[in-house]
Amino acid sequence: MNDFRTVLASQDIWYVLLALLLAAVVSLASTPLVKVLSVKFGAVDVPKDNRRMHNHPIPRMGGLAIFLGFLAAVLLFVPLDTAKRGMLLGAVIIVVLGVLDDKYALPAKPKFLVQIIAALIAVMSGNRIEVLSNPNIFSPNPVWKLGVLSIPITVIWIVAITNSVNFIDGLDGLACGVSTISAATMLVIALLVVKELDVAVMMAALVGACIGFLPYNFNPAKIFMGDTGSTFLGFIMATVSVNGMFKQYTIISFVVPFLMLGLPIFDECFAVIRRLSRGQSPMAPDRGHVHHRLIDMGFSQKQAVGVLYVISAILGLSAVVLAAGSAVKAMVFLLAMGAAAVITWRVFLTGPAHARQEEPEEPEEPAEKGEDEHG
């Protein structure tokens with residue numbers, strides 16, 4: 001509580017709030033323009049199969065508005081050192097890739113390669129996980145020094161999280177809202193726990209940019225954020241978490257990033273395991289994601305999104321509580337995690353309450369297009 005009061009009394013909170021407000025205004029104002037641009041560019045999502053929840057063409061390049069809001073706030077409020085320039089350059093590459101993918105449905109392998117290049121640019125600029133907390137609390141070595149392994153491990157982390165947000169992007173407002181909750185969690189921890197003002201401001205910019213876009217993305221959506229937005233959000237959160245969370249030499253630095261991004265990570269892991277067990281490519285589209293399961297259980301789109309917001313909020317609260325420490329807070333953390341586990345078990349491991357009617361098989365999209373392409 002004292003830390004919270006100190007933050008409120010400092011000028012840091014005003015930088016954070018101003019960054020959030022500016023990003024929200026820019027994103028909100030630019031979304032209608034991006035919508036028009038998407039239509040003219042031909043980046044429109046036409047429903048072709050039963051994985052899609054909409055029934056009419058919708059522009060899908062809305063992530064460009066999120067990127068513009070974030071960029072405006074970061075350029076104004078965050079001093080750019082080499083690491084941050086590398087992060088922004090990688091983000092620009094990811095956004096350009098997303099725009100082209102929303103238009104042309106690029107193959108998976110070239111996309112994956114470009115994502116690795118973007119991650120390498122960020123990593124070689126100084127954004128890397130150099131040490132990890134040893135999860136074995138009985139070990140005499142409290143940390144693992146990664147050495148040369150820091151480069152591949154950080155690249156894997158960034159690319160995995162970049163794609164995990166895209167995996168859950170299947171309902172109106174889902175990926176953007178979950179990303180908002182995850183970024184807000186990072187913002188709180190950066191302000192109150194790790195005392196990283198630059199991280200807090202960048203996350204405030206991301207939260208604001210998402211908030212500005214959400215009015216157009218809630219059900220019924222007027223525009224989707226597409227791969228332009230989902231991969232950008234994943235890339236930024238993955239890269240910023242490297243700077244703000246993994247630097248701490250305690251066990252929380254190993255666990256907290258996975259909690260903050262828990263829902264996308266869990267859904268991605270289940271999707272990869274599910275597809276590999278069927279002999280499919282990990283990038284092959286299917287209808288087994290968590291949001292599909294909720295719809296099959298009888299939830300409406302809005303209800304399903306609400307359930308997943310709650311799960312994300314529980315995981316985010318758990319991350320904040322765990323990062324803050326103390327025995328009492330640890331008990332709250334355990335209770336929250338228990339609730340999240342029950343909900344996750346119900347969604348992931350039990351079958352749908354009712355079977356959906358069989359629909360005529362549609363020609364399958366190229367596997368390389370990947371996920372739900374919903375927003």
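Buried, in this talk, means under 20% relative accessible area. On that cut-off, 53% of the 375 residues in the chain are buried. One caution before I go on: this is a predicted model.

Quick inventory. The chain has 14 helices and four strands. Now take contacts between residues at least 6 apart in sequence. Of those, 77% join residues at least 24 apart.

On to the core. The largest nonpolar core holds 89 residues. Seven residues have the most contacts inside it: Ile66, Phe70, Trp157, Met203, Leu206, Phe232 and Ile236. Which helix gives the most to this core? Helix α8, residues 197–217, with 13 residues. As background, nonpolar side chains tend to be buried together in soluble globular proteins.

Let me zoom in on Ile236. Set aside its neighbours within four places in sequence. Ile236 then touches Phe70, Met87, Ala91, Met203 and Leu206. Phe70, Met203 and Leu206 are also on that list of residues with the most contacts inside the core.

Phe70 takes us to helix α3, residues 63–77. This helix has 15 residues. From first C-alpha to last, α3 reaches 21 Å, close to the 21 Å expected at 1.5 Å a residue. Which of its residues are buried? Gly63, Leu64, Ala65, Ile66, Phe67, Gly69, Phe70, Ala73, Val74 and Phe77. Keep the helix geometry in mind: an α-helix has 3.6 residues a turn, so residues three or four places apart point the same way.

Next, two helix pairs.

Pair one is α4, residues 82–104, with α5, residues 108–124. Their axes come within 7 Å and cross at roughly 165 degrees. Angles over 145 count as roughly antiparallel, so that is what α4 is to α5. The crossing is left-handed. Who meets whom? From α4 we have Gly86, Met87, Leu89, Gly90, Ile93, Ile94, Leu97 and Asp101. Across from them, α5 offers Lys111, Val114, Gln115, Ala118, Ile121 and Ala122. Note Met87: this α4 residue is in contact with Ile236 as well.

Pair two is α7, residues 174–192, with α13, residues 301–324. Here the axes come within 9 Å, and the crossing angle is roughly 15 degrees. Under 35 degrees counts as roughly parallel, and α7 and α13 are therefore roughly parallel to each other. This crossing is right-handed. The α7 side brings Leu174, Gly177, Val178, Ile181, Thr185, Val188 and Ile189. The α13 side brings Val305, Leu308, Tyr309, Ser312, Ala313, Gly316, Ala319, Val320 and Ala323.

To recap: an 89-residue nonpolar core, an antiparallel pair in α4 and α5, roughly speaking, and a roughly parallel pair in α7 and α13.

Note on methods. Residues numbered from 1 in each chain as written. Predicted model: local features only at pLDDT ≥ 70, side-chain atom pairs only at ≥ 80, totals over all residues. Heavy atoms only, no water. Core = buried A, V, L, I, M, F, W, Y, C linked by side-chain atoms within 4.5 Å. Buried < 20%, exposed > 50% of the residue type's maximum accessible area, 1.4 Å probe, protein only. Contact = heavy atoms within 4.5 Å. Expected span 1.5 Å × (residues − 1). Axes fitted to C-alpha atoms, helices over the stretch in contact; angles between N-to-C directions. Parallel < 35°, antiparallel > 145°, perpendicular 65-115°, else oblique. Left-handed = near helix turned anticlockwise from the far one by under 90°.
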